[in-house]
There are 2 protein chains.
Amino acid sequence: MNGSLAKGNGDTRSRILDAAEALFVEQGFDGTSMRGITGRAGANLAAINYHFGSKEQLIQEVFRRRLTELNRIRLARLHELEVEAGEAPIKPSRIVDAFFGTALRMAADVEGGGHTFMRLLGRTYTDPQGFVRKFLAEEYAECVERFLAALYRALPDVDRNEILWRFHFMMGAMSYAIAGTDALQLVTGKFDDEDPSRLVSRLMSFLLGGLRAPLADFGSSP
Amino acid sequence: MNGSLAKGNGDTRSRILDAAEALFVEQGFDGTSMRGITGRAGANLAAINYHFGSKEQLIQEVFRRRLTELNRIRLARLHELEVEAGEAPIKPSRIVDAFFGTALRMAADVEGGGHTFMRLLGRTYTDPQGFVRKFLAEEYAECVERFLAALYRALPDVDRNEILWRFHFMMGAMSYAIAGTDALQLVTGKFDDEDPSRLVSRLMSFLLGGLRAPLADFGSSP
DNA sequence: AATTAATTAAAACGTTTGTTTGAATCATAC
DNA sequence: GTATGATTCAAACAAACGTTTTAATTAATT
């Protein structure tokens with residue numbers, strides 16, 4: 001049950017990042033101690049402060065390491081779509097796939113740690129710790145703006161505020177799909193042991209259904 | 001900026017529950033100290049252990065206090081629908097409203113604390129702390145089972161596993177809609193200052209769109 | 001009014017927390 | 001080999017944590 005890694009597994013810095021990433025998912029930021037991280041990484045307690053400065057800076061580096069790459073791929077995909085389409089509008093489903101599909105494919109990478117990170121990311125959107133949310137917002141700002149602009153262009157007849165909200169809802173559905181699977185398992189018994197590609201398919205059709213839904217008026221007592 | 005409450009505001013027990021609820025949302029469970037709670041509640045440090053036994057039991061009581069009522073209303077609404085429909089099938093939109101709409105209406109109650117609690121609940125589904133998730137699962141078990149059964153009956157042609165997943169997605173979208181509003185604000189600038197009833201309307205149409213979406217097959221490179 | 005129970009108060013308990021320090025070890029260059 | 005810089009190590013730091021204890025106070029009962 002001791003997940004501590006052999007010391008030869010990459011340099012100390014990387015081992016610390018990997019250990020921290022895993023423990024943050026399991027126990028949260030506050031619930032994970034410096035001793036827990038360095039212990040699992042096979043490093044000395046002081047190594048975190050030496051390599052990263054502080055626990056807070058370590059947390060930021062855990063995110064930056066993967067998030068930069070994720071958003072780079074997203075924007076590259078979007079750029080491909082824009083070039084391919086030329087003057088013509090892009091299908092919303094393609095935009096949604098470039099953003100959410102890319103994340104889901106990263107989440108499907110269990111061995112490389114993408115799965116662990118996406119679980120962490122999903123639950124961090126609503127994390128109370130101010131500095132984490134602020135940091136995430138900065139890292140995300142450009143990417144989200146570009147994708148929202150693309151959706152506005154792709155859906156010129158839909159109110160922009162409505163698109164904004166639905167983008168938000170889609171973020172929520174995706175985050176829970178990745179981060180909170182065990183929560184549903186606890187409630188409902190168990191899922192059939194799912195391969196992640198089916199999750200992609202399932203979630204994408206749900207997201208597009210929500211995105212395209214009519215703006216029906218649901219009062220407070222329908 | 002000191003949110004500490006006057007001592008006359010209810011009995012000590014209730015003041016502690018209110019203070020804890022608010023602080024858990026702002027700082028998380030681990031990030032909230034006993035001293036912080038009792039300080040805000042205007043009570044002595046030992047009061048939590050006296051009234052609740054431990055911090056862990058306090059957390060459980062914070063949830064139990066509101067969750068029992070929420071699920072009672074949900075099941076009552078479902079029962080109404082079932083009686084009203086008799087042998088006929090119930091419209092899925094009504095079932096969805098009985099579950100998610102009820103939660104959203106509780107979240108719209110800012111003064112009574114429902115809003116605070118729903119934000120807390122939303123972010124707790126994905127909380128790493130094992131005992132909280134286990135406790136939530138137990139509190140939710142019966143209610144979720146009843147609603148899933150109702151959806152199975154209302155949508156006899158749809159694969160049950162698919163309904164299960166979409167219920168999961170809907171939970172995610174709703175939780176983020178309530179708990180993570182500030183996250184999106186940080187990213188996108190700001191929303192128009194929204195009255196909660198429009199959120200109900202917006203989210204419900206999104207949820208139903210997702211629930212009814214065709215099971216299109218989205219491969220990994222569409 | 002006396003007695004019992006329930007609640008609040010202040011102080012201290014032993015752990016655990018993140019961080020810092022100064023010496024020891026390692027790698028690399030001259 | 002010796003010097004230089006980077007890294008690792010064991011040890012210690014004050015601060016904050018949840019909990020417990022014992023005394024003081026309040027409320028209820030007889």
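**Notebook: protein side chains beside two DNA strands**

I began with chain B and found that a polar side-chain atom of B:Asn49 lies 3.5 Å from a phosphate oxygen of DNA strand D. I note here that the model I am reading is a predicted one.

**Entry on DNA strand D**

I then looked up what else lies around this strand, and I counted 16 residues surrounding DNA strand D, with A:Thr12, A:His51, B:Met34, B:Arg35 and B:Lys55 listed as the closest. For A:Thr12, I found an N or O atom of the side chain at 2.4 Å from a phosphate oxygen of DNA strand D, and for A:Tyr50 I found a polar side-chain atom at 3.0 Å from a phosphate oxygen of that strand. Looking at the DNA atoms themselves, I saw that 52% of the atoms of DNA strand D within 4 Å of the protein belong to sugar or phosphate, while the rest belong to bases. When I asked which elements supply at least two residues each to the surface near DNA strand D, I arrived at α3 (47-52) of chain A and α2 (34-41) of chain B. I sorted this surface by class and wrote down five nonpolar, seven polar and four charged residues.

**Entry on DNA strand C**

I turned next to DNA strand C, which 16 residues surround, the closest being A:Met34, A:Arg35, A:Lys55, B:Thr12 and B:His51. Of the atoms of DNA strand C that come within 4 Å of the protein, I noted that sugar and phosphate account for 48%. I looked at three of the side chains in turn: A:Arg35 places a polar atom 2.8 Å from a base oxygen of DNA strand C, A:Lys55 has a side-chain N or O atom 2.6 Å from a phosphate oxygen of the strand, and B:Thr12 has a polar side-chain atom 2.4 Å from a phosphate oxygen of the strand. The elements giving two or more residues to the surface near DNA strand C are α2 (34-41) of chain A and α3 (47-52) of chain B. By class, I recorded five nonpolar, seven polar and four charged residues on the surface near DNA strand C.

**Entry on A:Thr32**

Last, I followed A:Thr32, which sits in the loop between α1 (12-27) and α2 of chain A. Is A:Thr32 buried or exposed? I call A:Thr32 buried because its relative accessible area is 1%, and the cut-off for buried is under 20%. Its side chain reaches the backbone oxygen of A:Leu23 at 3.2 Å. Leaving out residues up to four places away in sequence, I found that A:Thr32 touches A:Leu23, A:Phe24, A:Gln27, A:Ile37 and A:Lys55.

Methods: Residues numbered from 1 in each chain as written. Chains lettered and ligands numbered in written order. Predicted model: local features only at pLDDT ≥ 70, side-chain atom pairs only at ≥ 80, totals over all residues. Heavy atoms only, no water. Near = heavy atom within 4 Å. Polar contact = N/O pair within 3.5 Å; in protein donor to acceptor, adjacent residues only side chain to side chain. Helix = DSSP H or I, 4+ residues; strand = E, 2+ residues; numbered from the N terminus. Nonpolar A, V, L, I, M, F, W, Y, C, P; charged D, E, K, R; others polar. Buried < 20%, exposed > 50% of the residue type's maximum accessible area, 1.4 Å probe, protein only. Contact = heavy atoms within 4.5 Å.
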